[in-house]
Number of protein chains: 2
Amino acid sequence: MPPIKPTLTDVARLAGVSEITVSRVVRGKGPIAEETRLRVRGAIEALGYVPNRAAGTLASSASLFIGVILPSMHNIVFPEVLRGIYEGLAGSPYQPLLGVSEYDRDKEQEILASLLAWQPMAIITAGSDHTDVTRRLLSESGVRVVELMDTEGDPVDLVVGFSHRQAGYDSGRHLIARGYRRIGYVGHDWAADRRARLRYEGLVAALADTGLSLAAEVHADGPSSVTGGTEMLPRLLAAAPDIDAAVFVNDDMAVGGYFHCLAAGIAVKKDLALFGFNGLDIGQAIPMPLSTVRSNRFEIGRIAAERIIAEPKRPAVTEVVNTGYEIIEGATA
Amino acid sequence: MPPIKPTLTDVARLAGVSEITVSRVVRGKGPIAEETRLRVRGAIEALGYVPNRAAGTLASSASLFIGVILPSMHNIVFPEVLRGIYEGLAGSPYQPLLGVSEYDRDKEQEILASLLAWQPMAIITAGSDHTDVTRRLLSESGVRVVELMDTEGDPVDLVVGFSHRQAGYDSGRHLIARGYRRIGYVGHDWAADRRARLRYEGLVAALADTGLSLAAEVHADGPSSVTGGTEMLPRLLAAAPDIDAAVFVNDDMAVGGYFHCLAAGIAVKKDLALFGFNGLDIGQAIPMPLSTVRSNRFEIGRIAAERIIAEPKRPAVTEVVNTGYEIIEGATA
DNA sequence: CGTTCTTATGACAGCGCTAACATAAACCCA
DNA sequence: TGGGTTTATGTTAGCGCTGTCATAAGAACG
């Protein structure tokens, strides 16, 4: 029942040409007479030929894979980066090969090793916080390496992102400029999420520059979530009832905080300002649009992909593409 | 600078064994003396050997890929399915190879063709609404085919999901049982999303069984989103001001509707009941947890992956695994 | 009309690995 | 002690494709 898969040879025989000619037609490479092309196409159709990329990869020692390592699929942030990557790759023959590290450096290393076994022509990884082995593998692979999201740290090849520390700093400046002085922080378990920590440090630095410090901070155990914000904001308020603003590690948590305010009858902005991070759809959809930072995630993915296509060989010098960010004024701070 | 990649032969030479022995050590297959294994492992370490899976795939004509085709990455629904797939595959040597069809049947077909070129050992696709060519390719591929989400339609091999029509029907029964009679519907552009349409049909059928019909319906243009719900609910109310319940195509839209009620001072449930679909985190995090249907998306992905591992060869008979669903009572209906 | 260039095609080797079959040594039990 | 079994390793022959170089037939040119 499973029909024996036709190979190039079968197509070539049927079309009355050599294998290499069929190969050229399939890949659209090299000069082919129109008449020959049609004959070959006909044979391909007739046999239902599907090329074997494993053989192609082996023969040319160049796969069409781009290895992608993302830290999480628990919220929409990295799926958006991935969409950007697919968008940037659209129309090209390249195919992403995805691994999810769950914010675990060792797992990232494992995934990288298994991705490299497919001879990818590039590796995209979200983050710059790698194990030594990971860095070595990336560096020695010789293929293009794009590190996404954060511009701090020492690039292997190309970096696409922005400074999370600076974004945190600017968030603090924004609040200070609007008169908030007693600022609390709601975070999550950031042992893994280095970028969250960088934003936090930026925020603290902004406060320090004005002679302030965080009034209080609380940290959820698990990954960030809306319910996490709903749970943690009351704890923050218990620790420091007189704060006038709460900064959240991201929009998920901030929206949860907003819901707590709704339920507890706290007047948002007037009694308590809320500030998030990421610029998620949900944050802008709540009745009072969230004050937050737009992080251009889709763009980051798209640019990474486009850069790889534009320059498939690793250049001699490293480069940093700053995609910037933008404070969204919102209505909550 | 890019060091020549060591091959099996290099490892074999250094370890003083034959290539096949190294291959066996790498794959953990066949009997290997502990001493030999250590020697080979040492050589692998020393050379930084990374196996070439393209060669392995070609030689064994069995890749470790599982082709996955999902319709969208625009909301968290399919990333959750994907997480389930990764979870189910954890610890196995299999690697998902993802394509995103954007709810486009022709694109699904293209993606399938390109995935098949990698000789996947299975294909997971979300949905049963394929082009004829897609169905033929799936069927003739000879590998395991899992169609996710919906149990209606004619399976190629394995189906994992539940009946969306029935879920829509039960949503209608739920509302009717609670005394709602003037029911409106907020949908989106479902030309592509067949499952949304099935739920709608189930809902209409439930109403018809009680001698009722939809009081009004509106459809957003684009894909579903929170802001879409915020925009469309007022239109529904304009079309039928006296409705006592609104059913939304999914939770994103329903949450948007909830926000509209907040902003417009509509007492949710008392003046207007809201009902969603999917059981997203955000729906349960709003101050009044959304009445909706839990669709077990993570489980669907996980079960699909586990089934493939448990039975990697396509069996003679088709099978349907019903993952069920669950009405979440919530506070909005 | 020979020379050079361009276009179209083919022959052949080999990419790096593994299936299948051999071989050899060690072990087992009556 | 000798056949049978198990364990450990090797030999050989490709898997299906593409890079490289070769070839042939026109076209272009002075």
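Contact, as the word is used in this report, means heavy atoms within 4.5 Å. The structure is a predicted model, in which local features need pLDDT of at least 70 and side-chain atom pairs count only at pLDDT 80 or more, while totals for chains, interfaces and linings use all residues; side-chain values use heavy atoms, with hydrogens and water left out. Residues are numbered from 1 along each chain as its sequence is written, and chains are lettered from A and ligands numbered from 1 in the order in which they are written.

**Three residues in loops of chain A**

Leaving aside neighbours within four places in sequence, Asn278(A) is in contact with Val77(A), Asn250(A), Asp251(A), Thr292(A), Val293(A), Arg294(A), Ser295(A) and Arg297(A). Helices (H or I, at least four residues) and strands (E, at least two) are DSSP runs numbered from the N terminus, and Asn278(A) is found in the loop between β9 (273-275) and α12 (281-285) of chain A. With a relative accessible area of 8%, Asn278(A) is buried, where buried means under 20% relative accessible area, exposed over 50% and partly exposed in between, for a 1.4 Å probe and protein chains only. The side chain of Asn278(A) also makes a polar contact with the side chain of Ser295(A), at 3.1 Å. A polar contact is a pair of N or O atoms within 3.5 Å; within protein, one must be able to donate a hydrogen and the other to accept it, and residues adjacent in sequence count only if both atoms are side-chain atoms.

Two further loop residues have a positive phi although they are not glycines: Tyr103(A), at about 60 degrees, and Gln119(A), at about 55 degrees. Tyr103(A) sits in the loop between β2 (95-100) and α6 (105-116) of chain A, and is partly exposed, with a relative accessible area of 28%. Gln119(A) has its place in the loop between α6 and β3 (122-126) of chain A, and is buried, with a relative accessible area of 14%.

**Domains and the relation of the two chains**

Chain A is divided into domain 1 (8-51), domain 2 (62-163 + 297-326) and domain 3 (164-294), with bounds that come from an automatic or database domain assignment. The centres of domain 2 and domain 3 of chain A, taken over C-alpha atoms, are separated by 29 Å, and 19 residues of domain 2 of chain A are in contact with 19 residues of domain 3 of chain A.

A turn of 180 degrees and a shift of 0.1 Å along the axis lay chain A on chain B with an RMSD of 0.1 Å. The two copies are thus related as by a two-fold rotation axis. In chain A, the C-alpha nearest the axis is that of Ala54(A), 2.4 Å from it. The same surface serves both copies, since 100% of the contact residues of chain A recur in chain B. The superposition is by least squares on the C-alpha atoms of residues with pLDDT of at least 70 in both copies.

**The surfaces near the DNA strands**

A residue is near a strand if one of its heavy atoms lies within 4 Å of it. DNA strand D is surrounded by 26 residues, of which Leu8(A), Ser23(A), Tyr49(A), Thr21(B) and Thr36(B) are the closest. Around DNA strand C there are 25 residues, and Thr21(A), Thr36(A), Leu8(B), Ser23(B) and Tyr49(B) come nearest. Of the atoms within 4 Å of the protein, sugar or phosphate accounts for 63% in DNA strand D and for 68% in DNA strand C, the rest belonging to bases.

The table lists polar atom pairs between protein and DNA.

| Residue | Residue atom | DNA atom | Distance |
|---|---|---|---|
| Tyr49(A) | side-chain N or O | phosphate oxygen, strand D | 2.3 Å |
| Ala55(A) | polar backbone atom | base nitrogen, strand D | 3.3 Å |
| Ala59(B) | polar backbone atom | base oxygen, strand D | 3.3 Å |
| Arg24(A) | side-chain N or O | base oxygen, strand C | 3.0 Å |
| Thr36(A) | polar side-chain atom | phosphate oxygen, strand C | 2.5 Å |
| Tyr49(B) | side-chain N or O | phosphate oxygen, strand C | 2.3 Å |

Near DNA strand C, the elements that give two or more residues to the surface are α2 and α4 of chain A together with α2 and α4 of chain B, and α4(B) gives the most, with five residues. Near DNA strand D, α2 (19-27) and α4 (53-60) of chain A and α2 (19-27) and α4 (53-60) of chain B each supply at least two residues.

By class, the surface near DNA strand D has 14 nonpolar, eight polar and four charged residues, and that near DNA strand C has 14 nonpolar, eight polar and three charged residues. Here Ala, Val, Leu, Ile, Met, Phe, Trp, Tyr, Cys and Pro count as nonpolar, Asp, Glu, Lys and Arg as charged, and the others, Gly among them, as polar.
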